[in-house]
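Colleague: Let's go through this model together. I'll ask, you reason from the coordinates.

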Amino acid sequence: MHQTFNAALELNLLHANQEGADHNRAHFDQWGIRCLNLMSSPGAGKTALLERTLATLQPELKIVVIEGDMTTELDADRLRQYGVPVIAINTGRACHLDSQMVSGGIHTLARDYEPETIDLVFVENVGNLVCPAEFEVGEHAKVALLSVTEGEDKPLKYPLMFQEADCLLITKMDLAPYLDLNLAQLEANVRQINPQVTLIPVSAKTGAGLDLWLDWVRSQVQQRTALVMA
């Protein structure tokens, strides 16, 4: 059976994007950088999580953020207050970052900073539960966020995001007591889609669960360090 034009076009786009992602990852590997791709729907708390993360880890790790947003630098400006380089990428009408966009950020990183001194790059993707999961950007691991305000059915309705995630943060746990949410069912739905995912409930507001998240991030950087030393 012949593929439709649209299906063939999509496969070609994904193939070209994957080649670009592999190229980006080769740069990160050459420099000894670990790259984490943060993905979620709009408002799930990616920027708030990064604020708490940078405040704690910035003194011990050299971190760069590649910040994706459709039109503004509002989130980038929030993160710059923590003294880390933030490379802003505006996607226009595109609902996700792709490997070519992130390649532009990598070129800025190579030009304006000393990449061999960087430990970790966070890519904060555009808020969307579909497209970011399809387009790799050169990351070593994917981090998905799901806020308690979104309901327990989202892993079943948007399975690719949760299948692809290496770590899933259930965010805004401080709001859970005020919601009609079945947390056990949410976790069961996640495990149905991805039994192996690291699942961490957190609250950027209260700090609950952040120690587990920070330890996971440190473990990612240690993997990078082990490869560099090997």
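**Strand β4 and the core**

Modeller: All five of the five residues of strand β4 (residues 120–124) are buried, so β4 is largely enclosed by the rest of the structure. Buried means under 20% relative accessible area, exposed over 50%, partly exposed in between (1.4 Å probe, protein chains only). Strands (E, at least two residues) and helices (H or I, at least four) are DSSP runs, numbered from the N terminus. This is a predicted model: local features need pLDDT of at least 70, side-chain atom pairs pLDDT 80 or more, while totals for chains, interfaces and linings use all residues. Residues are numbered from 1 along each chain as its sequence is written, and side-chain values use heavy atoms, without hydrogens and water.

Colleague: Which residue in β4 is the bridge partner of leucine 36?

Modeller: Strand β1 (residues 34–39) and β4 pair in the parallel sense over five bridges. Pairing needs at least two DSSP bridges between the strands. Opposite leucine 36, the bridge partner is phenylalanine 122.

Colleague: Which residue of β4 stands opposite glutamate 67?

Modeller: Strand β2 (residues 63–69) also runs parallel to β4, joined by five bridges. Glutamate 67 faces glutamate 124.

Colleague: Which element gives the largest share of the largest nonpolar core?

Modeller: A nonpolar core is a set of buried Ala, Val, Leu, Ile, Met, Phe, Trp, Tyr and Cys residues joined through side-chain atoms within 4.5 Å. Of the 29 residues in the largest one, Phe122, Leu169, Trp213 and Trp216 touch the most other members. Elements giving two or more residues include β1, β4 and α9 (210–229). The largest share, six residues, comes from α9.
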